[in-house]
Amino acid sequence: MNPALNTAATGMAAQQTRTEVIANNLANVNTTGFKRGRAQFEDLLYQTMQGPQVLGSSETNTSPSIQIGRGTRLTAVQSLQTQGALEQTGRSLDVAINGEGFFPVQLPSGATAYTRDGSFQISDQGVLVTSDGFQIGSGIKIPPDVTNIAISPTGVVSGSNGAGTDSTELGRIELARFANPAGLESMGQNLLSATPASGEATTGYPSDEGMGSLVQGQLEGSNVEIVQEMVDMISAQRAYELNSKAVKAADEMSQTATAMVQ
Amino acid sequence: MPQLNGMDSATSALRYWERKQEVVANNLANVSTTGFKSQRVFARLLDGMRPVAEAQSDLSTGTLKQTGNVMDVALDGPGFFVVNTPNGERYTRGGSLSVDPKHFLVDANGNQMLGTKGPMKLTDDPIQISADGEVTQNGVMVDTLRVESTPAGTEPVREGDALWVPGATKQVIAPKDRAVKQGYTEESNVNSMSALIDMVSVQRSYTSVEKAITTMDASNETIVNQLAKPL
């Protein structure tokens, strides 16, 4: 069999994966705090063909060795942690991170996950939670009679009960950041988990060194740019087509070879 | 027997076009592989009648694409970064780096990136990489990334997985001749249009050599069956 058939097939598979990633990016164009993914590829092993050999007596008549690659493979789908656009919502419990960092979230299992989605709510226990009901950090209690909740750029949550009374501090939101945020693993529900590739979380307060600041009344939009995805999609589609042509060419060459025998 | 010599050349030619087709297919399969270097195949005539394939890598820099990811590192200019693999030192054109559980700076496959002082141990602080390849964290310089290549006119051997095997002699590429770009990835330097044209020309040439073989075979048949007919 012509090995070019398999080589071209790996190319087609790669472009298909790339299209899947692009489709997921486009599907999440309105997901709060979503970070666009990118498929990455590497070349496969090389085969050394017609190894160097001396033909005939003369040293100059050497048949050179040539290395032939056998295609490509997917190595990773990375999420690109760039800032998404901040969108004004006016809701007092909507918080966006402007800069680096993630909100640490307590999962029911006890594990910690991380999110950039700051559309918070107050649970039936009076605790600040994400829109899916997971507790933020170590838990910030908000008494039921508190109104006028304010969240400062440094993460201080304060509120007052009734008009005219002084506002009191209820707690402080912490942020976590990573040496390699692209190494975080997506868990769905806008949550990410730490991996060996991302490194351990460093926690701190917002606006501290290296941390982003909080913006109340705004949400961070997805960082997917439709035009970029469209261009990528066109190039993935063309590359898929090119590889299918290579399959066809390899097939026709095999046909030509077999047609020699009459 | 000149005719059999003709067959011999034609067979070599068919093999040559097949090799070329395989390389073109590999180029096409790697049109979106980060840092991939396209290969060119050309024929060399042996004994004045047999073409054999010879390959050369096009080591020119691919398009650098801004990603905004601080761990994406590309090289603008010649040379390779050096990584430490279980099989010894290897070259790579960069890509998406990360930090392994032991806090070493590693490439996408988990191989340690080598600086002038060896593997680079990092803290959890943000990483800055200058155009000269100096890795700094919180203003403290960790090390400088090594950028090397094989001597001019030669090329390292391809290993796959974005790695290359360095030759016996290494040549350090001076910072003025290249720039380390943080937040960029290098796209494959395969020109898909010329690869496509190569593929079409390979296919046509293959068919015409095949025609030559059938023609030679037909005249052989005439000789054997018509001329050599017993009287």
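Is B:Ala162 buried or exposed? Select it and count: with 26 C-beta neighbours inside 10 Å, B:Ala162 is buried, because 20 or more is the cut-off. The model is predicted, and every stop below refers to that prediction.

**Stop 1: two loop residues with positive phi**

Stay on B:Ala162. This residue sits in the loop that joins β16 (157–160) to β17 (163–165) in chain B. Its phi is near 65°, a positive value in a residue other than glycine.

Now go to A:Gln189, in the loop between β18 (185–188) and β19 (191–193) of chain A. A:Gln189 is not a glycine either, yet has a positive phi of about 50°. This residue is partly exposed, with 13 other C-beta atoms within 10 Å.

Move to A:Asn190, which is also placed in the loop between β18 and β19 of chain A. A:Asn190 counts as buried, with 22 other C-beta atoms within 10 Å. Show what surrounds A:Asn190: leaving aside residues up to four places away in sequence, it touches A:Thr31, A:Thr32, A:Gly33, A:Thr115 and A:Asp117. A:Gly33 is 157 residues from A:Asn190 along the chain, but their C-alpha atoms are separated by 7.3 Å.

**Stop 2: the contact between the chains**

Colour by chain. In this model, 56 residues of chain A are in contact with 50 residues of chain B. On the chain A side, α1 (4–27), β1 (37–43), β2 (46–49), β5 (66–69), β6 (72–79) and α2 (226–259) each supply at least two residues. The largest share, ten residues, comes from α2(A). Sorted by class, the chain A side has 26 nonpolar, 23 polar and seven charged residues.

**Stop 3: the two α2 helices**

Select α2(A). Its 34 residues should span 50 Å at 1.5 Å a residue, and the end C-alpha atoms are 49 Å apart, which agrees. Buried residues of α2(A) include A:Asp232, A:Asn243, A:Val247 and A:Met253.

Add α2(B), residues 192–227. For its 36 residues the expected span is 52 Å, and its end C-alpha atoms lie 51 Å apart, in agreement. Buried here are B:Ala195, B:Met199, B:Val202, B:Gln203, B:Tyr206, B:Val209 and B:Glu210.

Which way do these two helices run relative to each other? The axes of α2(A) and α2(B) come within 10 Å and cross at roughly 10°. That makes the two helices roughly parallel.

To see where they meet, show A:Ala239, A:Leu242, A:Lys245, A:Ala246, A:Ala249, A:Glu252, A:Met253 and A:Thr256 on α2(A), and B:Ser192, B:Leu196, B:Met199, B:Gln203, B:Tyr206, B:Thr207 and B:Glu210 on α2(B). By class, this contact holds eight nonpolar, four polar and three charged residues.

**Stop 4: α1(A) and A:Thr72**

Select α1(A) next. Its 24 residues should span 34 Å at 1.5 Å a residue; the end C-alpha atoms are 35 Å apart, which agrees. Among its buried residues are A:Thr7, A:Thr10, A:Gly11, A:Ala14 and A:Arg18.

From here, pick A:Thr72 in strand β6 of chain A. A:Thr72 has 28 C-beta neighbours inside 10 Å and counts as buried. Its contacts, without residues up to four places away in sequence, include A:Thr10, A:Gly11 and A:Ala14, then A:Phe41 and A:Asp43, and across in chain B the residues B:Ala29, B:Asn30 and B:Thr33. A:Ala9 is 63 residues from A:Thr72 along the chain, with 9.3 Å between the C-alpha atoms.

**Stop 5: the nonpolar cores**

Show A:Phe103, A:Tyr114, A:Ile136, A:Ile173, B:Phe81 and B:Met113. Of the 56 residues in the largest nonpolar core, these six touch the most other members. Strand β5 of chain B, residues 80–85, gives the largest share of this core, four residues.

Zoom in on A:Tyr114. Not counting residues up to four places away in sequence, A:Tyr114 touches A:Phe102, A:Phe103, A:Pro104, A:Val105, A:Ala176, A:Leu184 and A:Leu192.

Another core, of 39 residues, lies apart from the largest one; its members include A:Ala39, A:Val247, B:Leu14 and B:Val190.

**Stop 6: an exposed proline**

Finish at A:Pro143, in the loop between β13 (135–136) and β14 (147–151) of chain A. A:Pro143 is exposed, with 11 other C-beta atoms within 10 Å. Measuring from C-alpha to C-alpha, A:Pro143 and A:Ile122 are 9.6 Å apart in space and 21 residues apart in sequence.

Terms used:
Residues numbered from 1 in each chain as written. Chains lettered and ligands numbered in written order. Predicted model: local features only at pLDDT ≥ 70, side-chain atom pairs only at ≥ 80, totals over all residues. Contact = placed C-beta atoms within 7 Å. Nonpolar A, V, L, I, M, F, W, Y, C, P; charged D, E, K, R; others polar. Expected span 1.5 Å × (residues − 1). Buried ≥ 20, exposed ≤ 12 C-beta atoms within 10 Å, placed from the backbone. Core = buried A, V, L, I, M, F, W, Y, C linked by C-beta atoms within 7 Å. Axes fitted to C-alpha atoms, helices over the stretch in contact; angles between N-to-C directions. Parallel < 35°, antiparallel > 145°, perpendicular 65-115°, else oblique.
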